[in-house]
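User: Please take a close look at one part of this model, the way strands are put together into sheets. Keep it short and clear for a beginner.

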Amino acid sequence: MLLAASSLAMQAVAQALPPATLTIALDKPALHAVSPTLYGLMTEEINYSFDGGLYAEMVRNRTMQDHDWAGLARWDVVHSGDAAATFALDRNEGPSAALQRSLALTVTKADATNQAGVRNEGFWGMAVRPSTTYKGSFYAKADSSAVGPVNVALVSNNSGKPLATASSQPLTTEWKRYEVSLTTGAKVETSAENHLQLTVGHTGKVWMTLVSLFPPTYKGRENGNRPDLMEKMAAMHPTFLREPGGNYLEGDTVEERFNWKTTIGPLVDRPTHRSPWNYQSSDGMGLLEFLEWTEDLKIQPVLAVYAGYSLKRIHIEPGPALQPFLDDAMDELEFVTGNDSTKWGAVRAKLGHPAPFPLTYVEIGNEDWFDTSGSYEGRYAQFYKAIKAKYPQLQLIATAPLTRMKPDVLDDHYYKRADEFFDMVKKYDDADRNGPKIFVGEWATREGSPTTNMGAALGDAAWMTGMERNSDLIVLSSYAPMLVNVNPGGMQWESDLIGYDALTSYGSPGYYAQAMFAGYLGTEVPATSVTGGGTRFFTSVTRDRAKGMTYLKLVNASNEPQAVQINLSGAGTVVREATLVTLSGTNPAETNTITAPTRIVPVTSTIKTAAASFTHTMPPYAVQVLALSTK
Ligand code: AHR
């Protein structure tokens, strides 16, 4: 028995990780500055990121674009008592040139008590909360003014009872926009199991479209965003938003590209378009909304412009054929940055945003290495020449390596498993410093679904240590995809960062790892060396002289504790009390979910043993930040 115990102890000793020594030379010149834009966000319409996600609209298929054999998707007929109605898609009736179809409701029997109409199921339900006001609106016309008003109600799926009601002005025989305000009572239960109902109490025919319902939005913006998701992004300390894609920028075909001019202005003038992720985009999240999103987070856009390549391997030849697309991009840059004396700056001002937006980086296309025709060299050069002539200060990002010219910045994408990222941590250590700067515009450890697990967070964190260490070369980075609606059918791409349903949202462990890395980031990289340690031990050190702080990022992706001897030279004083933030799990598969959203979250504590030389022991499967006061 004794023998068995001692052999177990020996086994434990044999398995213990070799201690690591991390030496930080604060008395030597820093190796380089940290890019102030190192950490940002990337977005596109994928996984119901906007419709059914960030964009707070509650009505699904609001402009009646989705129509299948069963009728208008997400819409159904409702009636009370012996009222009767049918509905169909009318392809020839709409309120604008952009919206030329509508839901046609034919009511054959109804009165004030027994009403008939339609219901909308929302994006996997509609989140309803107590004492809350919802702004409703719709476009409608009737075949006779006798039809009267439309009665709008938020209704519980389970009880069938209305939770908030309102009536519009009486309909006329002309298309008009109607607004209603729905306020729930204090005792209404918070739930997503609700729908929207629009009914009339008179026979007749009614056409309606652009039926919309908004809850309170982030910072109260009209046509705005979900507060919980905006708050989660803000907590990641981003510095930019790469928009609008990704594949979404390119579209499957040229016609399905992100054509920014059809995404601005009143919603009734936006025709909507199909996303390459196989659903219709309402375009409620248009170019101006993207820019306002950056404004609300106090960050800059990294604007991707369509550059003549679409996903079904369609390319536009550089030269005259490409010119109209280049003209569109030039107009787009003016819309973003021009003052109101310019044509497109004036359009933006008229839409309610007189101030230009800041812009430093413009990306020419997306993943143009897929264009095997070889046209990207010429397309990039054509865009580069025109944009630099008018905006010499802009940094232009290429999305594929070029042989004939050096782009300002090159966008590299990495979708990897954790083990692959562990092996790639030093990828940029010896990279050419005379080549283009690097934007890691899409990266992710793809383990876990719909959102990533603790093992992925370890892969992410290891990879981020490499990006920080090379942040003289890597000027920008953004994880992708950021958002996923976790309802069945909501996800087109596995392993995402933030999950949600209609009611709530949560961050994956990787989300928290990123928030930690970006939240504790210095302005320069001091000279450091690491010896010993396990094969899955990774570090990065940055320093902020002005704040007198040195930030250590430590990653232990092993199942054993990792002892680290930390030696700091050149700090006058190392304050004994230091902040320690720990994100850890019991195993790599452990994760957060919509029903267990906070199983793995960072825990902040204080250690009282910091010194010029001290030992710190990391738990297994852990990402840690040590914030040392080094005056
Ligand atoms: O992030 C998902 C997709 O991956 C992007 O749309 C595309 O750029 C890449 O291939």
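Analyst: Two strands pair if DSSP finds at least two bridges between them. Strands (E, at least two residues) and helices (H or I, at least four) are DSSP runs, numbered from the N terminus. The model is predicted, with pLDDT of at least 70 needed for local features and 80 or more for side-chain atom pairs, while totals for chains, interfaces and linings use all residues. Residues count from 1 along each chain as its sequence is written, and side-chain values use heavy atoms, without hydrogens or water.

Start with the sheet of 3 strands. Its order is E27-E28-E29. The sheet is open, and its pairing is mixed. Strand E27 covers residues 483-485 and strand E29 covers 505-507. These two are the edge strands. Each of them pairs on one side only. From one strand to the next, the twist averages 20 degrees (axes are lines fitted to C-alpha atoms, for helices over the stretch in contact; angles between N-to-C directions run from 0 to 180 degrees).

Now look at one pair in that sheet. Strand E28 spans residues 498-500. E27 and E28 run in the parallel sense and share 3 bridges. Find Leu-483 on the model. Opposite this residue stands Ile-498, in E28.

A helix joins the picture. Helix H2, residues 227-234, packs on this sheet. H2 touches E27, E28 and E29 (contact means heavy atoms within 4.5 Å). The direction of H2 makes about 15 degrees with that of E29.

Next comes another open sheet, with 5 strands. Here the order is E6-E9-E14-E11-E12. The pairing is antiparallel. Which strands stand at the edges? They are strand E6 (75-79) and strand E12 (162-167). Each has a single partner strand, so one side of each is left without a neighbour in the sheet. Direction ignored, neighbouring strands of this sheet are turned by 25 degrees against each other on average.

Follow edge strand E6 to its pairing with E9. Strand E9 runs over residues 116-120. E6 and E9 pair in the antiparallel sense, over 5 bridges. One residue to find here is Val-78. Its bridge partner in E9 is Gly-117.

Put the two sheets side by side. Both are open: one has 3 strands with mixed pairing, and the other has 5 strands with antiparallel pairing. The pair E27 and E28 is parallel, whereas the pair E6 and E9 is antiparallel.
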